[in-house]
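I sat down with this one to see how its pieces fit together. These are my notes, in the order I made them.

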Amino acid sequence: MSGVKLNKLTFEWPIRVYYEDTDAGGIVYYANYLKFLERARTEWLRSLGIEQDTWLSHRIGFVVRQVQMDLLQPARFNDELIVTVVVERLGKASVVFTQQVLHANRSVLCQAQIKAACVNLGESGESVKAVPMPAEIFEVLKRAN
């Protein structure tokens, strides 16, 4: 698979587990880990100066195309967590991330690999199409790693 070789710098974003994140058993509901991962990727982009709403106004966005997630230990209400983002592979139209959700004590609770594709969102009624990342985004992502 082609792509840019990266140094794999790690971005970390803190999250606290709220009551609404938990299920009837008092542990984080599995789907909420995906939300935590998404928030960390969004904050990582923001830290690089990439505001998604700016690109959305140009009909460019990123959509998750593939997820592999392994839930290793439960997180519970009020836990302080750290969500990491590492870019594994940067392609012309996609990026592959390795992410972890860590407890504040650094034990790994969840690990995932996420593939996101750059797309042209088109106008209402048009199909969403994969497109190469705008050069401005690609160069920032390449330099950040």
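**Notebook: loops, sheet, helix and surface**

I began with a turn: Arg-106 is found in the loop between β4 and β5. A reminder to myself before going on: this is a predicted model.

**Entry 1, positive phi values.** I looked up the backbone of Arg-106 and found a positive phi of about 80°, although the residue is not a glycine. I then asked how covered Arg-106 is: buried, partly exposed or exposed? Arg-106 counts as partly exposed because its relative accessible area is 43%, and the partly exposed class runs between 20% and 50%.

Arg-59 went on the list as well, as a non-glycine residue with a positive phi of about 70°. I traced Arg-59 to the loop between α2 (52-56) and β2 (60-71). Its relative accessibility is 31%, so I noted Arg-59 as partly exposed. I also wrote down Gly-49, which sits just after α1 and takes a positive phi of about 85°.

**Entry 2, around β4.** Next I followed strand β4, residues 94-103. How many of its residues are buried? I got 7 of 10, so I wrote β4 down as mostly covered, given that buried means under 20% relative accessible area.

On one side I looked at strand β3 (residues 80-90), which pairs with β4 in the antiparallel sense over 9 bridges. The two are joined by a hairpin through 3 residues. Leu-90 stands opposite Val-95 of β4.

I then went from β4 to strand β5 (residues 108-120): these two run antiparallel and are joined by 9 bridges. Their hairpin has 4 residues between the strands, and Arg-106 from my first entry is in that turn. Which residue of β5 is the bridge partner of Val-95? I found Ala-116. I also noted Val-101, whose bridge partner in β5 is Cys-110.

**Entry 3, other partners of β5.** I kept going along β5 and looked up β2, which runs antiparallel to β5 with 11 bridges joining them. Gln-66 has Lys-115 in β5 as its bridge partner. Strand β6 (residues 129-130) pairs with β5 too, in the antiparallel sense and over 2 bridges. There I matched Asn-120 with Lys-129 in β6.

**Entry 4, cysteines.** I checked for disulfides, taking sulfur atoms within 2.5 Å as the cut-off. The count comes to 0 disulfides. I looked up the cover of two cysteines while I was there. Cys-110 counts as buried because its relative accessibility is 0%. Cys-118 has a relative accessible area of 0%, so I put it down as buried too.

**Entry 5, helix α1.** I measured nothing here by hand; I just read off the computed span. α1 has 18 residues and reaches 27 Å from its first C-alpha to its last, close to the 26 Å expected at 1.5 Å a residue. I listed its buried residues, among them Tyr-33, Phe-36, Leu-37 and Trp-44. Arg-41 and Glu-43 are also buried.

**Entry 6, a surface patch.** My last stop was a nonpolar surface patch of about 300 Å², made by Tyr-29, Tyr-30 and Leu-71. Where does Tyr-30 lie? I placed Tyr-30 in helix α1, residues 30-47. Its relative accessibility is 46%, so Tyr-30 counts as partly exposed.

Terms used
Residues numbered from 1 in each chain as written. Predicted model: local features only at pLDDT ≥ 70, side-chain atom pairs only at ≥ 80, totals over all residues. Heavy atoms only, no water. Patch = residues over 30% accessible without salt bridge, like charges linked within 9 Å, V, L, I, M, F, W, Y side chains within 5 Å. Areas by Shrake-Rupley, 256 points an atom, 1.4 Å probe, with all protein chains shown as cover. Salt bridge = Lys/Arg side-chain N within 4 Å of Asp/Glu carboxyl O. Buried < 20%, exposed > 50% of the residue type's maximum accessible area, 1.4 Å probe, protein only. Expected span 1.5 Å × (residues − 1). Pairing = 2+ DSSP bridges.
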